[in-house]
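I opened my notebook to look up a few local details in this model. Here is what I went through, entry by entry.

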Amino acid sequence: MHKSSWQSRRHRRRGHRHNAGFRQHGSNERNDAGAQQSPQASSDGRGEAPSTSSPAGSSSVPDLPGYYFDPEKKRYFRLLPGHNNCNPLTKESIRQKEMERKRLKLLEEEKRQGKKIARLGFNTSSLLQKSKLGFLNATSYCRLAHELRVSCMQRKKVQIQSSDPSALASDQFNLIMADTNSERLFTVNDVKVGGSKYGIISLHGLKTPTFRVHMHENLYFTNRKVNAMCWASLNHLDSHVLLCLMGIAETPGCVTLLPTSLFVSNHAAGDRPGMLCSFRIPGAWSCAWSLNIQANNCFSTGLSRRVLVTSVVTGHRQSFGTSSDVLTQQFALTAPLLFNGCRSGEIFAIDLRCQNQGKGWKATRLFHDSAVTSVQILQEEQCLMASDMAGTIKLWDLRTTKCIRQYEGHVNEYAHLPLHVHEEEEIMVAVGQDCYTRIWSLHDGQLLRTIPSPYPTSKADIPSVAFSSRLGGARGAPGLLMAVRQDLYCFSYS
């Protein structure tokens, strides 16, 4: 019995020494591993995670919650909240950095490449050769020639002359709008002290190589935000500007019919200044002037769940109830129809011959998945172009109420951005919320060119553009005008 107890105690002592050696060996391994990892951890610094990127050649890296992978440094960095930090690394700052890098790259490419190709296989020499061989008819040749010239437009800064140069240096462009003949440019400027100021720029001096224009002084000043505007032909073509103004404090919003003759040196000799008219229509989101004979001297305003058609001469109004806010409008020229785009995504046409109390005044109904921001009726009035706040641009056939074509690449999340359709050149222009101006072909939806803004991308610096086939009048050349901050740029055909 003593022998068995002595052997058991001996085995326990051997197991204790073995376990102690094993624990010591494991601790040495952990210490060695910690010593190997400590230089990497010390080099990472505070708020950074060690790099666990995939080997060279792999294009994808795993996403780690709370961390951001920098492709240049090939390391993960910790995302910090955007408050109580000095220079925090946030998702917004990362996105802004990437967008600025892309913008600068595109600007550099535009400087290096004098001539760009809108379509693969189509340059000047190949276009002329195919035309001589009879592979292209006259219509296709003109369309492709316009596309080539659009892709080769160069940016030139326009010199603006005014009697108050200090105001030009401080006032920022908010909206620009060219008239029917592209002889004048109506501008809405944000004043430094607060409010808005209006002006008219004469485009007659917009010629190479000077690009010099004159800003006419205005006698009308308001501190209200402009929701929408359009040209109005009351006395003659584009004699007035229709403005939808927001209300401030206790002053309700209104719709103002502003005569262009109020601008100094803008009207011809002997032309009497027109009368400024204001209509008590608060909360207008959109407006449109009618050139239709059946609705002569009338304008429409889109309100919250209502459309008002007002006669300027008699003051008579027609009201049409809707189920959503009306954000954009346009009258048809031949048919007595008023097309409306709503926040709900619905596009409908109002038959102006129907009374507001009657039924069946909705002649056409189309639907988008997001709020409609712009509608443009094509010349033959058989198709309609529409864009929404999801960045979708569609061409609709009004006869079959089906989508014919969709234009890819437009960027919009919530902004009220217009479309500019020009059927003579068969192109469409739109500025996205990312401050890029994109030009598409109406024929097949091909994205012809993407023009970056000369300034960093900002929600407050979205460019306002105007395209015309005759900038400055009947003898003018086609081109694009871009207004951003205090500057006006011209992209003219070479």
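Which residue in S29 does Val429 stand opposite? I looked it up, and Val429 faces Ile439 there. A reminder to myself before going on: this is a predicted model.

**Entry 1: the strand around Val429**

I followed the pairing outward from that position. S28 and strand S29, which covers residues 437–441, run antiparallel to each other and share five bridges. The two make a hairpin with five residues between them. In that turn I noted Cys435, with a positive phi of about 70 degrees.

Then I checked the pairing with S27. Strand S27 (residues 419–422) pairs with S28 in the antiparallel sense too, over four bridges. His422 has Ile427 of S28 as its bridge partner. Here the hairpin has four residues between the strands, and Glu426 in the turn shows a positive phi of about 55 degrees.

Next I asked myself how many residues of strand S28 are buried. Five of the five, over residues 427–431, are buried, so the strand is largely enclosed by the rest of the structure. I also split the residues by face. Ile427, Val429 and Val431 are buried on one side, while Met428 and Ala430 are buried on the other, so both faces are covered.

**Entry 2: cysteines**

How many disulfides does a search of the whole structure find? My search came back with zero. I wanted to know why Cys244 has no such bond to Cys287. The closest cysteine sulfur to that of Cys244 is in Cys287, at 3.7 Å, which is too far for a bond; a disulfide needs the two sulfur atoms within 2.5 Å. Looking from the other end, the closest cysteine sulfur to that of Cys287 is in Cys244. I looked up burial for both as well. Cys244 is buried, at a relative accessible area of 0%, and Cys287 also counts as buried, at 8% relative accessibility.

**Entry 3: Ser290**

Where is Ser290 found? I located Ser290 in the loop between strand S15 (286–289) and strand S16 (298–303). Is Ser290 buried or exposed? Its relative accessibility is 1%, so I wrote it down as buried.

I then looked at what surrounds Ser290. A polar atom of the Ser290 side chain lies 3.2 Å from the backbone nitrogen of Asn292. Setting aside neighbours within four places in sequence, I listed Ala295, Cys298 and Phe331 as residues in contact with Ser290.

Definitions and conventions:
Residues numbered from 1 in each chain as written. Predicted model: local features only at pLDDT ≥ 70, side-chain atom pairs only at ≥ 80, totals over all residues. Heavy atoms only, no water. Buried < 20%, exposed > 50% of the residue type's maximum accessible area, 1.4 Å probe, protein only. Pairing = 2+ DSSP bridges. Polar contact = N/O pair within 3.5 Å; in protein donor to acceptor, adjacent residues only side chain to side chain. Contact = heavy atoms within 4.5 Å.
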